[in-house]
Amino acid sequence: QQLEFINAVCDRAFNSVNPSERKEAENFVSTLSSIEGIDQCVLILQYSQSPFSQHAAISSLQKAISNYWTTVSSEKQKHIRTQVLNFMSNKSQDLSNYVQNALFSLVARVVKLSWLASEENQSIIPQLIQYTNV
């Protein structure tokens, strides 16, 4: 039910011709880029089929991790990284081009932010090559 609401709001943020409705929807979407919105963005990526919601979640997640990466626990960082990579491996071939481009940018950001945390993070390059060559 919450996912339906988010899908509807994201659709209005991208498609509404009514300026006040669009602004209200954009204000809601902007809350996803907070530290509290990280989990919601991950859930959207896991369950939403809406390209508007996926793009909003990817863009918001990129903003959130850029601003709050060092304040979230290493366990949560790993969870975010895992979920983003799972989304990429499972759905990237079926995404709209604009969602795919945003996703690749998010993956690059996650890799950059987590590169020095452990050697496991540095072994991601072969996985990324596999995902992009499928």
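**Close-up views of a predicted all-helix model**

Ser 16 counts as buried, because its relative accessibility is 9%, below the 20% limit for that class. The model shown in this and the following views is a predicted one.

**View 1. Ser 16 and Asn 18 sit in the loop between H1 and H2**. The side chain of Ser 16 reaches the backbone nitrogen of Asn 18, at 3.2 Å. Leaving out residues up to four places away in sequence, Ser 16 touches Asp 11, Glu 21 and Arg 22. Asn 18 has a relative accessible area of 36% and is therefore partly exposed. The side chain of Asn 18 also makes a polar contact, at 2.9 Å, with the side chain of Ser 20.

**View 2. The whole protein is built from eight helices and has zero strands**. Read along the sequence, the pattern is α-α-α-α-α-α-α-α. The protein has 134 residues, of which 40% count as buried. Among contacts between residues at least 6 apart in sequence, 60% join residues at least 24 apart.

**View 3. Helix H3 packs against helix H4**. H3 covers residues 38-47 and H4 covers residues 51-68. The angle between the two helices is about 145 degrees, and their axes are 9 Å apart. The crossing of H3 past H4 is left-handed. On the H3 side, the residues in contact are Ile 38, Cys 41, Val 42, Ile 44 and Leu 45. They meet Ser 53, Gln 54, Ala 57, Ile 58, Ser 60, Leu 61 and Ala 64 on the H4 side. Sorted by class, the contact of H3 with H4 has nine nonpolar residues, three polar ones and no charged ones.

**View 4. Helix H5 packs against helix H6**. The angle here is about 150 degrees, with the axes 10 Å apart. H5 and H6 cross in a left-handed manner. H5 contributes Arg 81, Val 84, Leu 85, Phe 87 and Met 88 to the contact. H6 contributes Leu 103, Phe 104, Leu 106, Val 107, Val 110 and Ser 114. By class, the contact of H5 with H6 has nine nonpolar residues, one polar residue and one charged residue.

**View 5. The largest nonpolar core has 33 residues**. Which of these residues touch the most other members? They are Ile 58, Leu 61, Ile 65, Val 84, Leu 103, Leu 106 and Val 107. At least two residues of this core come from each of H1 (2-15), H2 (19-30), H3, H4, H5 (74-91) and H6 (97-114). The helix that gives the most is H6, with seven residues. Leu 106 can be followed individually: not counting residues up to four places away in sequence, Leu 106 touches Ile 58, Leu 61, Gln 62, Ile 65 and Val 84. Of these contacts of Leu 106, Ile 58 and Leu 61 also appear in the contact of H3 with H4, and Val 84 appears in the contact of H5 with H6.

**View 6. His 55 lies in helix H4**. Is His 55 buried or exposed? His 55 counts as buried because its relative accessibility is 19%, while the class takes values under 20%. Apart from neighbours within four places in sequence, His 55 is in contact with Phe 14, Tyr 98, Val 99 and Ala 102. Phe 14 falls within the span of H1, 2-15, and the other three fall within the span of H6, 97-114.

**View 7. Lys 76 of helix H5 is shown with residues of H3**. Lys 76 is partly exposed, because its relative accessible area is 22% and the buried class stops at 20%. Not counting residues up to four places away in sequence, Lys 76 touches Ile 38 and Asp 39. Lys 76 and Asp 39 are 37 residues apart along the chain, and their C-alpha atoms are separated by 9.5 Å. Ile 38 is also one of the H3 residues that meet H4.

Methods. Residues are numbered from 1 along each chain as its sequence is written. This is a predicted model: local features need pLDDT of at least 70, side-chain atom pairs count only at pLDDT 80 or more; totals for chains, interfaces and linings use all residues. Side-chain values use heavy atoms; hydrogens and water are left out. Axes are lines fitted to C-alpha atoms, for helices over the stretch in contact, and angles run from 0 to 180 degrees between N-to-C directions. Helices (H or I, at least four residues) and strands (E, at least two) are DSSP runs, numbered from the N terminus. A crossing is left-handed if the near helix is turned anticlockwise from the far one by less than a right angle, and right-handed if clockwise. Contact means heavy atoms within 4.5 Å. Ala, Val, Leu, Ile, Met, Phe, Trp, Tyr, Cys and Pro count as nonpolar, Asp, Glu, Lys and Arg as charged, and the others, Gly among them, as polar. A nonpolar core is a set of buried Ala, Val, Leu, Ile, Met, Phe, Trp, Tyr and Cys residues joined through side-chain atoms within 4.5 Å. Buried means under 20% relative accessible area, exposed over 50%, partly exposed in between (1.4 Å probe, protein chains only). A polar contact is a pair of N or O atoms within 3.5 Å; within protein, one must be able to donate a hydrogen and the other to accept it, and residues adjacent in sequence count only if both atoms are side-chain atoms.
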